[in-house]
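Open the model in your viewer and keep the selection box handy. We will go from one stop to the next, and at each one you will hear what to select and what is there.

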Amino acid sequence: MLHIVVCIKQVPDSREIRIDPKTNTLIRQGVPAIVNYYDLHGLEEALRIKDEFGARVTVITMGPPSAEKALCQCVSMGADEGVLVSDRAFAGADTLATSYVLALTIQKAEDTWGPVDMIFCGKQTLDGDTGQVGPGIACRLDMDQLTYVELFESLDIEKQEVVVRRHLEDGVERVRARLPVLITALDILNRPRRASLPGVLRAARYKPIVWTTNDFSNLDRSKIGLKGSPTIVSKTWVPEPKQVNTEYVDSANVVAAATDLLNRLYATELPQKLGWS
Amino acid sequence: MADERFDVIVVGAGPAGTAAAYTIAKAGLKVALIERGEFPGAKNIFGGVLYRKQLEDLIPEFWKEAPLERTIIEQRLWVLGEDNTFQVAFRDGRFQDPPNCWTGLRVKFDQWFASKAEQAGAVPIYETVVTELLRDVHRVVGVRTDRVDGDLYANIVIIADGVNSLLGKSLMVHREWNPDQVSLAVKEVISLPKQTIQDRFNLEDNEGCTIELIGQMSKMAGLGFLYTNKDTLSLGVGVMVSDLQKKRVKPYEVLDSIKRHPMISRLIQGGEVKEYSGHLIPEGGFDSIPPLAGDGWMICGDAAQMVNAVHREGTNLAVTSGRLAGETAIAAHLRGDFSFGTLDDYNTAIRASFVHKDLKKYRGVHSLLGFGDSEKLFDKLPESLNEAIYQMLLVDGVPKKDKQKMAMRLLRDAAGGNLDLLRLGIKGWRAMNG
């Protein structure tokens with residue numbers, strides 16, 4: 001059976017995040033924690049493969065004990081198992097240290113439940129926004145990576161091949177790759193499902209598996225946590241909001257309003273920039 | 001359909017439903033707690049006062065761990081005139097220990113309360129809407145939810161789905177509201193620095209104060225409130241829906257005018273509105289309580305109209321009714337009988353409790369909320385009372401006896417003559433004394 005690992009992160013709900021004007025850092029206190037938005041799209045694609053071909057879906061995350069809740073949410077949607085990698089020694093990790101620990105976790109998951117055929121990650125997290133952890137894991141596991149995937153076209157189990165479409169800045173790229181691969185998901189990839197009632201019931205009683213530093217025999221302690229994180233935040237600041245002039249088109253009827261709007265648009269440089277004639 | 005069967009399904013994780021689920025789970029029965037909000041408390045609001053007694057019956061010394069705001073040591077009543085205020089207040093340090101009541105915010109409190117039910121073994125099913133009751137002929141046997149494979153079966157369903165109880169309606173025990181049976185409360189949570197609140201309300205540490213407001217509700221029957229939380233204030237008004245209809249006033253307009261009142265505006269000055277919410281409150285009281293049980297079901301809390309509008313108590317009644325429904329469910333489980341015959345014990349328990357007695361005491365209050373009288377009681381009399389007191393306290397050479405007459409005349413005129421003043425007085429006295 002296929003074995004798919006989905007990497008998720010519990011993040012503060014970005015819709016409710018504010019920035020402390022004095023320290024320029026995120027105010028995390030009292031902000032609800034959610035599963036990183038893009039990760040849910042990765043999970044959904046894994047679950048679709050499970051529905052169609054049958055697969056074992058293992059969800060992993062690194063974080064504090066409270067991240068169990070995020071794993072339970074994934075289990076409610078249909079994941080088979082959730083693994084929380086949690087230890088004070090892992091705290092303060094940047095993307096380099098995080099991808100190291102997650103790669104080790106995936107190797108341990110392989111030892112426990114069998115070889116991994118596919119790994120899904122979100123394209124980036126809502127709190128860190130780097131998009132580096134997915135590619136970092138792929139490099140460490142020496143696996144092909146398909147980032148920014150907007151469409152999962154097909155999976156051929158016999159040929160051990162996937163075809164996906166990547167969304168790039170100047171177009172799309174259709175790629176065929178051999179398993180195993182790591183895929184990072186965009187939000188247009190799919191629409192994450194709502195958990196079924198039996199799923200919710202299972203998740204309500206589910207206790208995720210927790211692995212600490214002691215569970216990894218080959219762990220290099222110099223590569224984890226703050227010690228293993230060379231990233232230095234030298235400065236943070238809040239960008240000034242851009243001033244935008246708003247004009248209201250107010251006319252008696254739709255046709256007049258549209259005409260008015262067009263006239264005003266053509267009085268600007270915008271049509272030229274956009275190449276309208 | 002879920003393969004799993006429960007002993008009891010509780011619909012609604014407000015104070016009533018959670019109290020029921022907690023009681024049942026502690027007895028070791030299998031209970032599911034279904035809530036439509038993202039988490040318990042996400043969709044719940046109340047004025048903001050929580051009392052000790054009823055919750056303590058359920059969870060001893062709960063206040064040592066529950067997220068509460070301030071311990072109320074002072075209660076004020078303000079009768080608002082247009083730019084004057086008649087004030088009564090009572091403060092007593094004894095209210096601090098043992099605490100009598102607290103201000104609270106439901107978003108935090110309900111989450112905590114539900115977590116206690118979960119710890120006791122209740123199975124949480126959140127973000128899930130119960131769309132209908134499943135029935136076997138006339139017997140309720142489970143619920144249908146809006147999730148895939150969403151049918152769930154149990155021996156008993158406890159309905160605690162709030163003021164607009166859709167399930168109550170489906171059982172025909174809950175009619176559509178009459179506008180004069182329900183008030184609409186709107187509330188703002190306004191944030192201010194902790195120290196500012198303590199200075200403005202003369203408080204220290206976790207001491208709290210409540211102010212009930214009467215008068216200046218856009219000429220409608222309504223009451224307002226201003227409560228102190230840790231670093232926020234809860235300011236709200238509740239007005240009869242029938243009055244809103246007749247006067248064509250929007251609820252937030254009433255709240256806005258209260259916020260502009262000179263006595264209120266200085267207390268909330270500089271504050272930032274963090275939350276705005278609105279909620280229906282059942283005001284029908286005793287006479288609108290529906291049948292409380294049937295074959296396979298019981299109903300409690302707001303869904304069963306259990307609100308004591310006079311004493312701003314709703315949460316109390318909800319918690320107690322939930323606990324009693326829970327205890328009845330446990331007894332029914334032991335007996336293996338889930339018919340009306342057994343579940344009607346819940347009805348008997350409610351009748352023996354303060355819930356029934358308090359609501360019965362104030363059954364006449366509802367009649368004061370009718371149009372006409374309400375305008376006199378809630379608008380003209382407060383205005384005249386303030387004017388009368390102003391005249392009494394103003395030293396301007398007019399003899400005191402004449403002043404007294406003038407004051408009485410003001411009140412009489414507001415009531416619509418001597419007879420009406422007497423009638424309102426007697427009616428009010430009867431309503432309050434039951």
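What follows is a walk through a predicted model, beginning with a whole chain and then moving on to single helices, loops and residues.

**Stop 1: chain A as a whole**

Select chain A and show it as a cartoon. You should find seven helices and 13 strands. Along the principal axes, the C-alpha atoms of chain A fill a box of roughly 70 × 55 × 40 Å. Now colour by burial if your viewer can do that: 37% of the 277 residues of chain A count as buried. Among contacts in chain A with a separation of 6 or more, 69% are between residues 24 or more positions apart.

**Stop 2: where the chains touch**

Bring chain B back into view and look at its contact with chain A. How many residues does each chain put into the contact? Chain B supplies 13 residues and chain A supplies eight residues. On the chain B side, select residues 123-125: this is strand β7, which gives the most to that side, with three residues. Sorted by class, the chain B side has six nonpolar, three polar and four charged residues.

**Stop 3: α9 and α10 of chain B**

Stay with chain B and select residues 315-335, which form helix α9, together with residues 340-352, which form helix α10. Their axes are 9 Å apart and the packing angle is about 150 degrees. An angle over 145 degrees counts as roughly antiparallel, and α9(B) and α10(B) are therefore roughly antiparallel to each other. The crossing of α9(B) past α10(B) is right-handed.

Show side chains next. From α9(B), the residues in the contact are B:S321, B:L324, B:A325, B:T328, B:A331, B:A332 and B:R335. They meet B:T342, B:L343, B:D345, B:Y346, B:A349 and B:I350 of α10(B). By class, this contact has eight nonpolar, three polar and two charged residues.

**Stop 4: α1 comes in beside α9**

Keep α9(B) on screen and add residues 15-26 of chain B, which form helix α1. Here the axes are 7 Å apart, and the helices pack at an angle of about 35 degrees. The crossing of α1(B) past α9(B) is right-handed.

Residues to label in α1(B) include B:A16, B:A20 and B:I24, and on the α9(B) side they include B:A318, B:G322 and B:I330. Notice B:S321 and B:A325: they belong to the contact of α9(B) with α1(B), and they also appear in the contact of α9(B) with α10(B). The residues of the contact between α1(B) and α9(B) divide into 10 nonpolar, seven polar and two charged.

**Stop 5: a buried alanine in a loop**

Select B:A303, in the loop between β17 (297-299) and α9 of chain B. Is B:A303 buried or exposed? B:A303 counts as buried because 30 C-beta neighbours lie inside 10 Å, where 20 or more are needed. Leaving aside neighbours within four places in sequence, B:A303 is in contact with B:I159, B:A160, B:D161, B:G162, B:S165 and B:G168. Try a distance to B:A16 as well: the two C-alpha atoms are separated by 9.3 Å, although the residues are 287 apart along the chain.

**Stop 6: one side of α7**

Select residues 251-260 of chain B, helix α7, and highlight the buried residues B:P251, B:V254, B:L255 and B:I258. Why do they fall on the same side of α7(B)? They cover an arc of only 95 degrees around the axis, which puts them there. As background, an α-helix has 3.6 residues a turn, so residues three or four places apart point the same way.

**Stop 7: backbone details**

Finish with four short visits to loops.

- A:P180, between β11 (171-178) and β12 (181-185) of chain A: a cis peptide bond joins A:L179 to A:P180, with omega about -5 degrees.
- B:P98, between β5 (85-91) and β6 (101-103) of chain B: the peptide bond from B:D97 is cis, with omega near 0 degrees.
- A:D129, between β8 (118-122) and α4 (133-141) of chain A: this residue is not a glycine, yet phi is positive, at about 65 degrees. A:D129 counts as exposed, with 9 C-beta neighbours inside 10 Å.
- B:N202, between α5 (194-201) and β12 (207-214) of chain B: phi is positive, near 60 degrees, in a residue other than glycine. B:N202 is exposed, with 10 other C-beta atoms within 10 Å.

Methods: Residues numbered from 1 in each chain as written. Chains lettered and ligands numbered in written order. Predicted model: local features only at pLDDT ≥ 70, side-chain atom pairs only at ≥ 80, totals over all residues. Axes fitted to C-alpha atoms, helices over the stretch in contact; angles between N-to-C directions. Helix = DSSP H or I, 4+ residues; strand = E, 2+ residues; numbered from the N terminus. Parallel < 35°, antiparallel > 145°, perpendicular 65-115°, else oblique. Left-handed = near helix turned anticlockwise from the far one by under 90°. Contact = placed C-beta atoms within 7 Å. Nonpolar A, V, L, I, M, F, W, Y, C, P; charged D, E, K, R; others polar. Buried ≥ 20, exposed ≤ 12 C-beta atoms within 10 Å, placed from the backbone. Arc of directions from axis to C-beta.
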